[in-house]
Amino acid sequence: MSSPARQRALAVGLAGALALVAALGGASAAAEGPTLAAAAARTGRQIGVAVAHDPLVREIAYGRLIAREFSSITPENELKWSPMAPAPEVVDDSRWETVLAAAAAAGQQVRGHTLLWDQQLPSWAVALPDAALLAAQRAHTERLLAATSGRIAVWDVVNEALEDDGSLSRTAMWRAGGERHLTDTFRTARQMAPEAKLFYNDYGVEGINPKSDGMFAVLRRWRAAGVPVDGVGLQCHLKAGEAPPVAQLRANIQRLGGLGLDVHLTEIDVQVRHLDGSDWGRDAVQARLLHQWVEACVAEPACTALTFWGLSDRHTWVDHAHGDDRPLLFDDELEPKLSYFAVRAALLGKPDPTCAVERLPEGGFDKGMGGWRASGGQGAVVEGPSGGPALRVSGRTATWQGPVRTVTDSVADGLPLRARAQVTVGPGGPAKVALTAHVIDGAGERFVPLAAGQAQPGRWTALEGALSIDLKAPVRSVELYVEGPPAGQELWLDGASLRVDCPAAAGAKVRP
Ligand code: XIL
């Protein structure tokens, strides 16, 4: 019982096992912890999800999960103008009424999305001359505010009015009504829905850039002029590897908070399909990003709510807008993903559980080869030098021969992994030992050295190194190799570990 693998297994066993259960997912694993709503409530925050009418009325599990996990909802399309006004003089409020009724039954707040936007306008309205469009838009806003009176906690009053350069858009309504039309809409909303918080909402304004600078200037001007704007929504449609640094998000939230505005993250999703690697690796990249972003929100007093733009990878607009992806917290079967656990941990002020997931069998070779094999010679699990089973590779005919294991299903571009192995050598004197990654991908075949050391016969040596590879599609295989001693000398492996490499105790310092 004294082998290093077992000591290590004991040391990390409990946390590791819990994290592994979590990573494997399953509604049961989710049920073991607090819901997202409960976790968010501990920080005094709302956590929301975009809800769509059709799955709500067709899939029982969809509505149930939304009611259980979230404290707020945003109708994904139902409060936009075109879905409720198919023709002039025709209004159909039934779809948003259904969504709002479900929210009321679940005790959830509603974010109303959206009063003024230049998209999803009825085609009959778009065909009107500018001035008539403006009048029709005004009438629609007033009618909708009256119809929803008392039921909307937060309105996205104006959506996406800024150009990328930070100037206000020159759209049809802008041409006819100018900035005045935007500020009038805020004033009308305040008058008719005095209980609602009134927000400006946009995309690409999460970090510090010309667009978010422009937004800041507009909002500062409006606040100074007494326009009733209470908050700003940062949509957060993110693409892994291209998202702004989280430090910029925090700086941006701080400057907006400095204007007296509440900040909501309103439409979070994270595309990962473009990353080279495995689905598990992509999910891990996403979970890490979301942990950092949710942690940032929790650390900033001005950031008071966050909403995911859809429930699951089966209910996401990203599939239609950008191509098949896996951008949300629940998978196609509504099972919680790594991102679910990462978000919950961030809300609870805990480190990212993704970092504790062990990708190789724990406890050494107690249960056989554990997916390892010999790259040459013969591999067998036998009693090791310090007792307990270990993997021995004998009959080696080249220095590179030794234990090898495929880890292709753990890698992804931008995912730093850390590999560890306990190795020793058989009789024959001290020998060089090394841990190497063997990569075959679109860039060809290469060997990446991870760690090297000197092993004394019969004494375990720890090899540990960072595995962060710039992968190129298609990723055919990634293997961990143990190698080094001269041909003929036995090479032993007691156990190995492969985990996401996270800064120590990331997240532990942030308190709500
Ligand atoms: C999207 C919906 O998710 C889709 O179902 C619809 O087809 C198009 O609109 N920014 C917004 C949201 O403010 O309203 C958009 O929602 C996504 C981008």
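## Exercises on a five-stranded sheet

In this predicted model, Arg 392 has Trp 492 of strand S19 as its bridge partner.

**Exercise 1.** Determine how strand S12 is connected to S19 and to S11.

*Solution.* Begin with S19: S12 and S19 run antiparallel and are joined by three bridges. The pair Arg 392 and Trp 492 provides a bridge with its partner in S19. Turn next to S11: six bridges link S11 to S12, which comprises residues 389-394, and these two strands also run antiparallel. On this side, Gln 378 has Ser 394 of S12 as its bridge partner. Finally, consider the connection along the chain: S11 and S12 make a hairpin, with five residues separating them. Within the turn, Gly 387 shows a positive phi of about 80°.

**Exercise 2.** State how many bridges pair S14 with S19, and in which sense.

*Solution.* Locate the strands first: S14 covers residues 417-425, and S19 covers residues 491-500. Nine bridges pair them in the antiparallel sense. As a specific case, Val 423 is matched with Leu 493 in S19.

**Exercise 3.** Give the strand order of the sheet and explain why S11 and S17 each have one side without a neighbour in it.

*Solution.* The five strands are ordered S11-S12-S19-S14-S17, in an open sheet with antiparallel pairing. Strands S11 (378-383) and S17 (461-467) occupy the edges; each has a single partner strand, and therefore one side of each lacks a neighbour in the sheet. To complete the description, the twist from one strand to the next averages 35°.

Key: Residues are numbered from 1 along each chain as its sequence is written. This is a predicted model: local features need pLDDT of at least 70, side-chain atom pairs count only at pLDDT 80 or more; totals for chains, interfaces and linings use all residues. Side-chain values use heavy atoms; hydrogens and water are left out. Two strands pair if DSSP finds at least two bridges between them. Helices (H or I, at least four residues) and strands (E, at least two) are DSSP runs, numbered from the N terminus. Axes are lines fitted to C-alpha atoms, for helices over the stretch in contact, and angles run from 0 to 180 degrees between N-to-C directions.
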